[in-house]
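Trainee: I'm new to this one and would like a close look at a single part. Could you walk me through the place where the ligand sits and what is around it?

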Amino acid sequence: MASKIHPTIKLASGYEIPKLGFGVYKTPPDETERCCLEAFKAGYRHLDSAAMYHNEAGCGNAIRASGIPRDQIFFTSKVGDISYEKAKAQVDKTLSESKLDYIDLMLLHHPFGGSENRKGGMESPVEAGKVRSIGVSNYGVHHLDELEQHISELEAERGGKGKGGTVSINQIELHPWLAHAEIADWCSKRGIAVEAFCPIVRGTRFEEPSVKKLAEKYSKTPAQVLIRWSIDKGHIPLVKSVTPSRIVANAEVFDFALTAEEVQELETDEYSPVSWNPTQAKLED
Ligand SMILES: NC(=O)c1ccc[n+]([C@@H]2O[C@H](COP(=O)([O-])OP(=O)(O)OC[C@H]3O[C@@H](n4cnc5c(N)ncnc54)[C@H](OP(=O)(O)O)[C@@H]3O)[C@@H](O)[C@H]2O)c1
């Protein structure tokens, strides 16, 4: 079992995050515990849920039932209703739904809600020990610029560096047909890790010749090639499945690596989201 456990990287918060996450978007609430337990058996130690997915309880049940020490599992959830007070309330709700003592990572799920509501973040749940790391999701460069501005304003208002919160993650849709280079560069320059959702493009690109070629070369599945592309780009892919054989196969990506040229070759100039794409929302939305 030990050899299957995934490597980690250190976040700006100082905490470690496993390089591969198990997503549970659209995983039915009554199947979530079973899927997460299968994922733990396959070596995942990182679950990606959200208030909007209505399956935080199943994630918490799996974490407790697994017998794995709590500090070896990384649990993410997301706030759907953006404002300082509502984010604080959501943290308490997630803790109560999941019956966990703390949340490893809490993200603002999207930038919608207006500038004032985006300001403030989640520092008080962090200070209270309820949340270890915080971040955002679906933020475009203009949202990130505004976030940086908000953080310096909060530091000035609250008396110093760090008082505006430390952003560890931006979670966005990211794969070779939506490489989001500007957002990834912005984050990389500031030490913010990028999580890639829809890393296997929901199965819609497995027949692409560029993918098939690498799958043949490495005797891997197209899904494994796309997950590996994300890891080799330095991102943290979050892959979802309810299918036991896929849960296992999707995690078998730490025994090969793409070359720098192959990573480059797979990437396209396309801008083809398969999910919602709030990164383009206006600041006033
Ligand atoms: N922050 C956000 O706004 C946001 C948005 C979307 C997603 N996410 C996160 O990212 C995670 C992944 O995104 P996603 O679920 O939308 O897309 P995805 O992981 O790219 O694709 C999941 C789909 O592919 C299928 N699949 C999984 N492994 C496969 C394989 N090896 N071969 C063929 N098909 C396979 C799954 O089917 P089965 O389940 O039937 O096996 C499911 O239909 C989510 O679960 C969620 O945690 C976040």
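Mentor: Here is a walk around the ligand site, with a short look at charged pairs at the end. Keep in mind that this is a predicted model. Start with the place itself: the ligand is found in the largest pocket. Around the ligand you can count 28 residues, and the closest of them are Asp48, Lys240, Ser241, Thr243 and Arg246.

What kinds of residues make up this shell? It splits into 14 nonpolar, 9 polar and 5 charged ones. As for where they come from, two elements that each bring at least two residues are the strand β10, residues 236-240, and the helix α10, residues 244-250. Of the elements, β10 gives the most, with 3 residues.

Now zoom in on single atoms. Asp48, already on the list of closest residues, has a side-chain N or O atom 2.6 Å from an oxygen atom of the ligand. Thr243 is also on that list, and a polar atom of its side chain lies 2.6 Å from a ligand oxygen. Then there is Arg202, where a side-chain N or O atom and an oxygen of the ligand are 2.8 Å apart. How much of the ligand does the protein bury? On its own the ligand would expose 900 Å², and the protein buries 86% of that.

Before you leave, take a look at the charged pairs in the protein. The count of salt bridges comes to 20. One of them joins the side chains of Lys119 and Glu157, with 3.1 Å from N to O. That pair ties together distant parts of the chain, 38 residues apart: Lys119 is in the loop between α4 (115-118) and α5 (123-127), while Glu157 belongs to helix α6, residues 141-158.

Key. Residues are numbered from 1 along each chain as its sequence is written. This is a predicted model: local features need pLDDT of at least 70, side-chain atom pairs count only at pLDDT 80 or more; totals for chains, interfaces and linings use all residues. Side-chain values use heavy atoms; hydrogens and water are left out. A residue is near a molecule or strand if one of its heavy atoms lies within 4 Å of it. A polar contact is a pair of N or O atoms within 3.5 Å; within protein, one must be able to donate a hydrogen and the other to accept it, and residues adjacent in sequence count only if both atoms are side-chain atoms. Accessible areas come from the Shrake-Rupley method with a 1.4 Å probe; for residues, only the protein chains shown count as cover. On a 1 Å grid over the protein atoms alone, a cavity is a set of points where a 1.4 Å probe fits but cannot get out, and a pocket is an open set with protein on both sides within 12 Å along at least five of seven lines; lining residues have an atom within 4 Å of a point. A molecule sits in a cavity or pocket if more than half of its atoms lie within 2 Å of its grid points. Helices (H or I, at least four residues) and strands (E, at least two) are DSSP runs, numbered from the N terminus. Ala, Val, Leu, Ile, Met, Phe, Trp, Tyr, Cys and Pro count as nonpolar, Asp, Glu, Lys and Arg as charged, and the others, Gly among them, as polar. A salt bridge is a side-chain nitrogen of Lys or Arg within 4 Å of a carboxyl oxygen of Asp or Glu.
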